[in-house]
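Please look at the model below and follow, step by step, how its side chains and helices meet. We begin with charged side chains, go on to aromatic rings, and end with a pair of helices.

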Amino acid sequence: MTLGTALLAGPVLMAGYGVVRLVGRAVSDYGPGVWWTAAHLLFLAGVLAFVPVFLGLRGLVGESGGRTAATVAAWTGLLGAAAVVVQAVIDLGAGFAAADKQAMSEMFDRVQGVPGVMPLVYTVVPMLFWLGLLALVTLLAFLRRDLVRAWAPVLVLAGTVVMAVSLDLLPVGALCLGVALLPVRRGLPG
């Protein structure tokens, strides 16, 4: 996937996850089943779309003095993305294996009860995804003003905070990310 495509696909897929999640909760008992699976497949695809975003944004720094910082930020985001991918795979697996919401909840309790799983997969390491993205966008707002607007880091932060406040706000948070990254996409050569 090219950087230009990924800059669009990542936020759109994340927004899709949020919308499908909301619809699934509105029309049924959101748990194992079609809505859960569709939402989490969009979530997984959205996170994977950010892999070329992290690598591409790192590459946009060029050979300037910010290269090391951009590399650290990109790898921080990629480490967070790996944790989120594991989380999505666990969620999908539980959704496929569970007969009902209660069984799915019990599976999550067993998985999350394994020492180290909560910080590595659900709480601490996944936050590195957002920290890495915010760091890269902030760095580029200073080094590549031609591609990243000064307000872009504020939108990335706002989107992250909104999504952390409530998963019901995922579409709004994803919209913030998309608006922040759109000028980068438009400024790419070719």
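In this predicted model, a good place to start is Asp168, which forms a salt bridge with Arg21, the closest N and O atoms being 2.7 Å apart. Asp168 lies in the loop between helix 7 (152–165) and helix 8 (170–187), whereas Arg21 belongs to helix 1 (residues 3–27), so this pair ties together parts that are 147 residues apart in sequence. Side chains of opposite charge can pair when their charged atoms come close. The two partners can also be described by their surroundings: Asp168 is partly exposed, because its relative accessible area is 32%, while Arg21 counts as buried, with a relative accessibility of 10%, and the cut-off for buried is under 20%.

Asp168 also forms a salt bridge with Arg25, and here the closest N and O atoms are 2.5 Å apart. This pair, too, links distant parts of the chain, since Asp168 sits in the loop between helix 7 and helix 8 and Arg25 in helix 1, 143 residues apart. Arg25 has a relative accessibility of 42% and therefore counts as partly exposed. Taken together, Arg21, Arg25 and Asp168 are linked in a network of salt bridges.

A further salt bridge is found elsewhere in the chain, where the side chains of Arg144 and Asp146 meet with an N to O distance of 2.8 Å. Arg144 is partly exposed, at 24% relative accessibility. The count of salt bridges in the model comes to three.

We now turn from charged side chains to rings. A pair of aromatic rings is described by the distance of the centres and the angle of the planes. The model has seven aromatic pairs, and one of them is formed by Tyr30 and Trp36, whose rings are tilted, with 5.2 Å from centre to centre and 50° between the planes. Tyr30 counts as buried at 9% relative accessibility, and Trp36 is likewise buried, with a relative accessible area of 9%.

Another pair is made by Phe50 and Phe129, whose ring centres are 5.3 Å apart and whose planes stand at 75°, so the pair is edge-to-face; the cut-off for that arrangement is an angle over 60 degrees. Phe50 lies in helix 2 (residues 34–60) and Phe129 in helix 6 (residues 127–143), so the pair ties together parts that are 79 residues apart in sequence. Both Phe50 and Phe129 are buried, and ring pairs link these two with Phe54 and Trp130 into a cluster.

Helix 6, which holds Phe129, leads us to the last step, the way in which helices pack. Two packed helices are described by the angle between their axes and the distance between the axes. The axes of helix 6 and helix 7 come within 8 Å and cross at roughly 165°, which means that helix 6 is roughly antiparallel to helix 7, as angles over 145 degrees count as such. The crossing of helix 6 past helix 7 is left-handed. Which residues make the contact between the two helices? On the side of helix 6 they are Trp130, Leu133, Leu134, Val137, Thr138 and Ala141, and on the side of helix 7 they are Ala152, Pro153, Val156, Leu157, Thr160 and Met163. Trp130, one of the residues in this contact, is also part of the ring cluster described above.

Note on methods
Residues are numbered from 1 along each chain as its sequence is written. This is a predicted model: local features need pLDDT of at least 70, side-chain atom pairs count only at pLDDT 80 or more; totals for chains, interfaces and linings use all residues. Side-chain values use heavy atoms; hydrogens and water are left out. A salt bridge is a side-chain nitrogen of Lys or Arg within 4 Å of a carboxyl oxygen of Asp or Glu. Helices (H or I, at least four residues) and strands (E, at least two) are DSSP runs, numbered from the N terminus. Buried means under 20% relative accessible area, exposed over 50%, partly exposed in between (1.4 Å probe, protein chains only). Rings of Phe, Tyr and Trp (its six-membered ring) pair if their centres lie within 6.5 Å; planes under 30 degrees apart count as stacked, over 60 as edge-to-face and the rest as tilted. Axes are lines fitted to C-alpha atoms, for helices over the stretch in contact, and angles run from 0 to 180 degrees between N-to-C directions. Angles under 35 degrees count as roughly parallel, over 145 as roughly antiparallel, 65 to 115 as roughly perpendicular and the rest as oblique. A crossing is left-handed if the near helix is turned anticlockwise from the far one by less than a right angle, and right-handed if clockwise. Contact means heavy atoms within 4.5 Å.
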